[in-house]
Amino acid sequence: MSLLTGWARGEFAADGFAYPVYERGEGPGIVVVHESPGLTPEVIELGDELVEDGFTVTMPHLFGSSHAPPHTWEALRVVPRLCVTREFTMFVTGRTAPLAGWLRALARDLHARAGGPGVGAIGMCVTGGFALAMMVDPVVVAPVVAQPATPLPLGRRRAADINLAPADLEAVRRRVAQGCPVLGVRYRGDWATGTRFETLRRELGDGFIAVELDGHDHATLTDHKHPEAVTAVRGFFRTRLLPPD
């Protein structure tokens, strides 16, 4: 039986892009943007946990496998494709990924249907910075940046870059100053995150909430799932999106 049984499959088109999306649950919306190599069982499990917390969860399928455990070589196939596709910015600094407009439109659509004070968003690994790009739209009120890994940390400039064009970075600063915090989770020894958390602290000040875990693992919410990271993310969404008890 597919792990996506019970998830409604559709397609969302906007801003020149169209992708399959899977949705389940009730309550305020959360967009879960998967990491490489794809929409894996671990990502789906995270989505299921958020549904249990009382949210409507939308998971776009952007690349790689869906619901099946990935083959060991799949990341080697997926990552080179991401390096040349027009949706992502794997090497360029000071630029927002072109897919950001599609994700913002998806968040607006979800909010219109699910209601609530706004939408949550998680980006992970190669999509880690997407939650920042999405919060340029005020409908996104609970952005989570999990082990952001783009642009690839080759050299100091790329390692520090947070995948935003200057105008979008200014919009993010404004949102944070107006009371929209950003949650970030990573392992301290994860080379793929570069020095991006230092950049986020400098740019966002106290509006950046960092959860930094001991160790050199990478996928804080999936393959190398850490209970502290999961607890922080689920608590952040409950605080930002659900009414107080």
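The questions and answers below concern a predicted model of one chain.

Reader: How many helices and strands does the secondary structure of the chain come to?

Author: The chain has 245 residues, of which 57% count as buried. Its secondary structure comes to 8 helices and 10 strands.

Reader: What is the order of the strands in the open sheet?

Author: The sheet has 8 strands, and their pairing is mixed. Its edge strands, each paired on one side only, are β1 (8–14) and β10 (208–213). From one strand to the next the twist averages 20°. Read across the open sheet, the order is β1-β2-β5-β3-β7-β8-β9-β10.

Reader: Which residue in β10 does Val182 stand opposite?

Author: Strand β9 covers residues 182–187 and runs parallel to β10, with 6 bridges joining the two. β10 is an edge strand spanning 208–213. Opposite Val182 in β10 stands Phe208.

Reader: Which strands flank β5, and how many bridges join each to it?

Author: In the sheet order, β5 sits between β2 and β3. With β2 (residues 17–25) the run is antiparallel and has 5 bridges; there Val21 stands opposite Pro60. With β3 (residues 29–33) the run is parallel, and Gly29 stands opposite Thr56. The counts are therefore 5 bridges for β2 and 3 bridges for β3.

Reader: Why is strand β5 described as largely enclosed by the rest of the structure?

Author: In a regular strand, side chains alternate between the two faces of the sheet. In β5, Thr56, Thr58 and Pro60 point one way, Val57 and Met59 point the other way, and all are buried. Strand β5 (residues 56–60) is largely enclosed because its buried residues number 5 of 5.

Reader: What share of the contacts with a separation of 6 or more comes from residues 24 or more positions apart?

Author: The contacts considered here are those in the chain with a separation of 6 or more. Residues 24 or more positions apart account for a share of 73%.

Reader: How much of the area that the chain exposes is supplied by carbon and sulfur atoms?

Author: The chain exposes about 10200 Å². Of this area, carbon and sulfur atoms supply 54%.

Reader: How much space lies in the largest cavity?

Author: Rolling a probe the size of a water molecule over the atoms shows where empty space is left. With a cut-off of 30 Å³ or more, the count comes to 1 cavity. Residues lining the largest cavity include Gly129, Leu132, Val145, Arg196 and Leu200. The space in the largest cavity is about 30 Å³.

Note on methods. Residues are numbered from 1 along each chain as its sequence is written. This is a predicted model: local features need pLDDT of at least 70, side-chain atom pairs count only at pLDDT 80 or more; totals for chains, interfaces and linings use all residues. Side-chain values use heavy atoms; hydrogens and water are left out. Two strands pair if DSSP finds at least two bridges between them. Helices (H or I, at least four residues) and strands (E, at least two) are DSSP runs, numbered from the N terminus. Axes are lines fitted to C-alpha atoms, for helices over the stretch in contact, and angles run from 0 to 180 degrees between N-to-C directions. Buried means under 20% relative accessible area, exposed over 50%, partly exposed in between (1.4 Å probe, protein chains only). Contact means heavy atoms within 4.5 Å. Accessible areas come from the Shrake-Rupley method with a 1.4 Å probe; for residues, only the protein chains shown count as cover. On a 1 Å grid over the protein atoms alone, a cavity is a set of points where a 1.4 Å probe fits but cannot get out, and a pocket is an open set with protein on both sides within 12 Å along at least five of seven lines; lining residues have an atom within 4 Å of a point. Grid points are joined across faces, edges and corners, and a volume is the space filled by probe spheres set on the points.
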